[in-house]
Amino acid sequence: MILVIGDIIVDEFIWGDVSRISPEAPVPVVSVERIDRRLGGSANVVRNLHALDLPSAMFGLVGNDEPGRWVHQQLAEMDSDDRGVVTKTNDRPTAIKTRIIARHQQVVRYDREWTSPARAETHQRLLTRLDEIQADADAVILSDYGKGVLTPDFIRLLIERLNGTIIAIDPKPEHTDAYRGATLITPNLMEAAAMVGMQACNEDAHVEAIARALHEQLALQYVLITRSEKGMTLFDGQYHHHIPTAARDVFDVTGAGDTVIAVFTACLARGDDALTAAKLANHAAGVVVGKLGTATASWSEIEAH
C-alpha cells in the first residue's frame, strides 16, 4: 500500500465553445457544453495509483460540504482507504480549482480555497489515523501544494515518524528545509532552482549543479527534476541521468507531476532501480500530457507508449 498525504483539491472543468466576444468587456463568451469534476492535488496522486492497480490510503482535509462528500465517494469507488481524510467544519471548505476550457484552450482558472496552516489538533487527528495504517505502507508520498496541510513542522514530524519507509515528496520551495531526510523529491526545474537559490537554466550542466546541491542540502537518495520539453534529470548521488522527453503530443500538463511521483514511487516500492523507475515515470508523463484535463496513465498505456 502507498500512503498519500497532502492537499486534496477538486479539479472542476467547464468545457465549451467560443463564437463571440462579450459586448460588456473584451473577453470571450463561452457557451458551456458540459461540466465535470476530477480528483486533483494530492488526490490525483491516488487516482494515478488506482490507474496502476495499486492500493492506497489518502490523508488530507476536506470541508463539510458537497465537494468534500464527493471526494469521499470517489475514494470509495477506487477502494482507497479514506480513514485519513479529515472533514473540517465550515471554517475550511474543500479546495476547488475551476478551469474554463474552450476549443481545447484554457480561457481562465479561478480558485476557491483556504490556504492557512492546518491547526495542531487537525495534524494530531491525521497522525492518529496514520498510526492505524502505517504498518501496511510500502511507501509514502507527500504531495505539497502549499494549501496548509503540510506545514514545515508537520513534514519534519512525518519524515521522523516514517523513517525506514520510502518517502517521496512533490515539493514547494518555501518548505525546502523541512524535506531533509526524505528518500526523494520530484520538483520541476523552476521549483528545484528556487529551492537552492539558483537560476532556472535548462542546460544540462546547470541542471546537474541544481540536482547535486539539492541532494547534498537535503540528504536525499534521489533527485528527479522534470524539465518540460527536455524531459527529466535523475541524480542518484553519483551519476546524473538525462532522460529525453517521451511526450509526442502535448495538450495539457495539468497533473503531470502527480503522475510522475506516483509511477516513480510505485516502481521503487516494487524493487525497480531508480533509473528504470524514472524512465517509466517519463513515459507515463508522456501519456498524460497527451490528454485533456487532469489525467492518469495505466501500466498498459505506459507499455504501449
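**Entry 1: helix α8.** I began with α8 and listed its buried residues: A274, A277, A278, A281, N282, A284, A285, G286, V287 and V288. I am working from a predicted model, and I keep that in mind throughout. Next I checked the extent of α8. The helix covers residues 274-288, 15 residues in total. From first C-alpha to last I get 21 Å, close to the 21 Å expected at 1.5 Å a residue. I then asked what the buried residues of α8 pack against. The partners are the strands β11, β12 and β13, plus the helices α7 (256-269) and α9 (299-304). I noted the general rule too: an α-helix has 3.6 residues a turn, so residues three or four places apart point the same way.

**Entry 2: the strands under α8.** I moved on to β11, β12 and β13, since α8 had led me there. β11 spans residues 222-226 and runs antiparallel to β12, with 4 bridges joining them. Across that pairing I find I225 opposite T233 of β12. The hairpin of β11 and β12 has 5 residues between the strands. Within this hairpin I looked at backbone angles, and S228 takes a positive phi near 60°.

On the next pairing, β12 meets β13 (residues 240-243), again antiparallel, over 4 bridges. Here T233 has H242 of β13 as its bridge partner. This hairpin, of β12 and β13, has 4 residues between the strands. G237 is the residue with a positive phi there, near 95°.

Is β12 buried or exposed on its two faces? I checked residues 232-235 one by one. M232 and L234 lie on one side and are buried. T233 and F235 lie on the other and are buried as well. Both faces of β12 are therefore covered. The split fits the general pattern: in a regular strand the side chains alternate between the two faces of the sheet.

**Entry 3: the open sheet.** I turned to a sheet of 4 strands. The order reads β3-β2-β6-β7, and the pairing is mixed. Which strands stand at the edges? They are β3 (28-41) and β7 (105-112). Each has a single partner strand, so one side of each is left without a neighbour in the sheet. The twist averages 20° from one strand to the next.

I followed β2 (residues 8-21) along β3. The two pair in the antiparallel sense over 13 bridges. One detail I wrote down is that G16 has V32 of β3 as its bridge partner. Helix α1 packs on this sheet and touches β2 and β3. The direction of α1 makes about 75° with that of β3.

**Entry 4: N44.** Staying with α1 (residues 42-51), I picked out N44, which sits in that helix. Its relative accessible area is 0%, so I count N44 as buried. I then left aside its neighbours within four places in sequence and listed the contacts of N44. They are L39, G255, D258, T294, A295 and T296.

**Entry 5: rings.** How many aromatic pairs are there? I count 1. F13 and W15 form it, and the pair is stacked. The centres lie 5.7 Å apart, with 20° between the planes. Both F13 and W15 are buried.

I finished with charges over rings. R37 lies over the face of W70, 5.5 Å from the ring centre. The charged end of R270 sits over the ring of W299, at 4.6 Å from its centre.

Key. Residues numbered from 1 in each chain as written. Predicted model: local features only at pLDDT ≥ 70, side-chain atom pairs only at ≥ 80, totals over all residues. Heavy atoms only, no water. Buried < 20%, exposed > 50% of the residue type's maximum accessible area, 1.4 Å probe, protein only. Contact = heavy atoms within 4.5 Å. Phe/Tyr/Trp six-rings, centres within 6.5 Å; stacked < 30°, edge-to-face > 60°. Lys NZ or Arg CZ within 6 Å of the ring centre and 35° of its normal. Pairing = 2+ DSSP bridges. Axes fitted to C-alpha atoms, helices over the stretch in contact; angles between N-to-C directions. Expected span 1.5 Å × (residues − 1).
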